[in-house]
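Hello,

Here is the structure I promised to pass on to you. Please open it first, and then read my notes below with the view beside you.

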Amino acid sequence: MKALPIDDKLSLGEARDFSHVDTWIFDLDNTLYPHTSRIWPQVDERITLYIAELFGIDGLSARALQKYFYHKYGTTLRALIDEYDIDPYDFLDFAHDIDHTDIALDERLGFAIEKLPGRKLILTNGSRKHAENVARKIGILDHFDDVFDIAAANFVPKPDRRAYESFLDKHAVEPKRAAMFEDIAKNLVVPHDLGMTTTLVVPRTADPFREEFEQEAVRALHIDHITDDLAGFLRGEVLPHRP
């Protein structure tokens, strides 16, 4: 896969700015850390293994079934709940039992998030435990007010509108005063429609462990900003808008 053609930061012509924002919402996986941390490949492998053991099939067959579930339901977990009534908590514990060794402390990102005025929240299709473990290792957990995970969304994943509505209700967020940072373009459609300022976070180099659409620097009306350096973007693009 070719390296992604993206500058340090990009903004679209009619992009919403951040001057009015008082709630900052961040996805976790592949948004708050680079793919070089090797977190998602481990989770992905654990999901494949879970499917292989659940159905008694080989790895290649499990992988194909996993991708089918992902494209049809948004997450493998949603498919397994709907079609096979599995225990979602067992699945999440298994999928997120990973090695955190390669997760580096990110002082630049920690400083940038700390300086944002207002509430900071994590909105993830993963579990709270996973989000807290990863954010703690990065050194940013203490800067967040809360984590809204897949269980809090009643296991309805992004980009389903119900996931965002549950999040907004739980935390009393006014979407027109909120900003959303996310690594998958389609997950920003609903936030933008609700009135949020949206930023797509893409990798600096192509991630061989994810599909191309999951890391594409999409230019679309529902994406206000694009960056491949979240810390630099927050410090150079967001904070100057504040008095």
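**Strand S5 and its neighbours**

Ala-179 stands opposite Thr-197 in S6. A word of caution before going further: this is a predicted model, so please read everything below in that light.

That facing pair belongs to a longer contact, since S5 and S6 run parallel and are joined by four bridges. S2 and S5 also run parallel, again with four bridges between them, and there Thr-23 is the residue opposite Ala-178 in S5.

How many residues of S5 are buried? Five of the five are, so the strand is largely enclosed by the rest of the structure. In a regular strand, side chains alternate between the two faces of the sheet. Here both faces of S5 are covered: Ala-178, Met-180 and Glu-182 are buried on one side, and Ala-179 and Phe-181 are buried on the other.

S6 covers residues 197–201 and contains Thr-199. With a relative accessibility of 0%, Thr-199 counts as buried. Leaving aside residues up to four places away in sequence, Thr-199 touches Phe-18, Met-180, Phe-181, Glu-182, Leu-188, His-225, Thr-227 and Phe-233.

**Aromatic rings**

The model has twelve aromatic pairs. One of them is stacked: the ring centres of Phe-26 and Phe-181 are 4.7 Å apart, and their planes meet at 10°, under the 30 degrees that stacking requires. Phe-26 is in strand S2 (residues 23–26) and Phe-181 is in strand S5 (residues 178–182), so this pair ties together parts that are 155 residues apart in sequence. Phe-26 and Phe-181 are both buried.

Phe-148 and Phe-167 make an edge-to-face pair, with 5.4 Å from centre to centre and 75° between the planes. This pair links distant parts of the chain, 19 residues apart, with Phe-148 in strand S4 (residues 146–148) and Phe-167 in helix H7 (residues 161–171). Phe-148 is buried at a relative accessible area of 2%, and Phe-167 is buried at 1%.

If you would like a group to highlight, Phe-18, Trp-24, Phe-26, Phe-144, Phe-181 and Phe-233 form one aromatic cluster.

Two charged side chains also sit over rings. The charged end of Arg-46 is over the ring of Phe-94, 3.9 Å from its centre. Lys-186 lies over the face of Tyr-70, at 5.8 Å from the ring centre.

**The nonpolar cores**

In soluble globular proteins, nonpolar side chains tend to be buried together. Which residues touch the most other members of the largest nonpolar core? Within its 48 residues, they are Trp-24, Phe-26, Leu-32, Phe-91, Leu-109, Phe-181 and Leu-234.

Leu-32 is a good one to click on. Not counting residues up to four places away in sequence, Leu-32 touches Phe-26, Asp-27, Leu-109, Ile-113, Ile-122, Ile-138, Ile-140, Phe-144 and Leu-230. There is also a second, separate core of 24 residues, including Ile-25, Leu-121, Ala-153 and Met-196.

**Helices H1 to H3**

H1 has 16 residues and reaches 23 Å from its first C-alpha to its last, close to the 22 Å expected at 1.5 Å a residue. The buried residues of H1 are Pro-41, Val-43, Asp-44, Ile-47, Thr-48, Tyr-50, Ile-51 and Ala-52. What covers them includes H2, H3, H4 and helix H6 (128–138). Just after H1 comes Gly-56, with a positive phi near 65°.

H2 contains Ser-61, which counts as partly exposed at 34% relative accessibility. The C-alpha atoms of Ser-61 and Ile-51 are separated by 9.2 Å, with the two residues ten apart along the chain.

In helix H3 (residues 76–84), the buried residues are Thr-76, Leu-77, Arg-78, Ala-79, Leu-80 and Ile-81. Their cover includes helix H1 (40–55), helix H2 (59–73) and helix H4 (88–95). H3 is followed by Asp-85, whose phi is also positive, near 55°.

Happy exploring, and do write back with any questions.

Best wishes

Methods
Residues are numbered from 1 along each chain as its sequence is written. This is a predicted model: local features need pLDDT of at least 70, side-chain atom pairs count only at pLDDT 80 or more; totals for chains, interfaces and linings use all residues. Side-chain values use heavy atoms; hydrogens and water are left out. Buried means under 20% relative accessible area, exposed over 50%, partly exposed in between (1.4 Å probe, protein chains only). Helices (H or I, at least four residues) and strands (E, at least two) are DSSP runs, numbered from the N terminus. Contact means heavy atoms within 4.5 Å. The expected span of a helix is 1.5 Å times one less than its number of residues. Rings of Phe, Tyr and Trp (its six-membered ring) pair if their centres lie within 6.5 Å; planes under 30 degrees apart count as stacked, over 60 as edge-to-face and the rest as tilted. A charge sits over a ring if NZ of Lys or CZ of Arg is within 6 Å of the ring centre and within 35 degrees of the ring normal. A nonpolar core is a set of buried Ala, Val, Leu, Ile, Met, Phe, Trp, Tyr and Cys residues joined through side-chain atoms within 4.5 Å. Two strands pair if DSSP finds at least two bridges between them.
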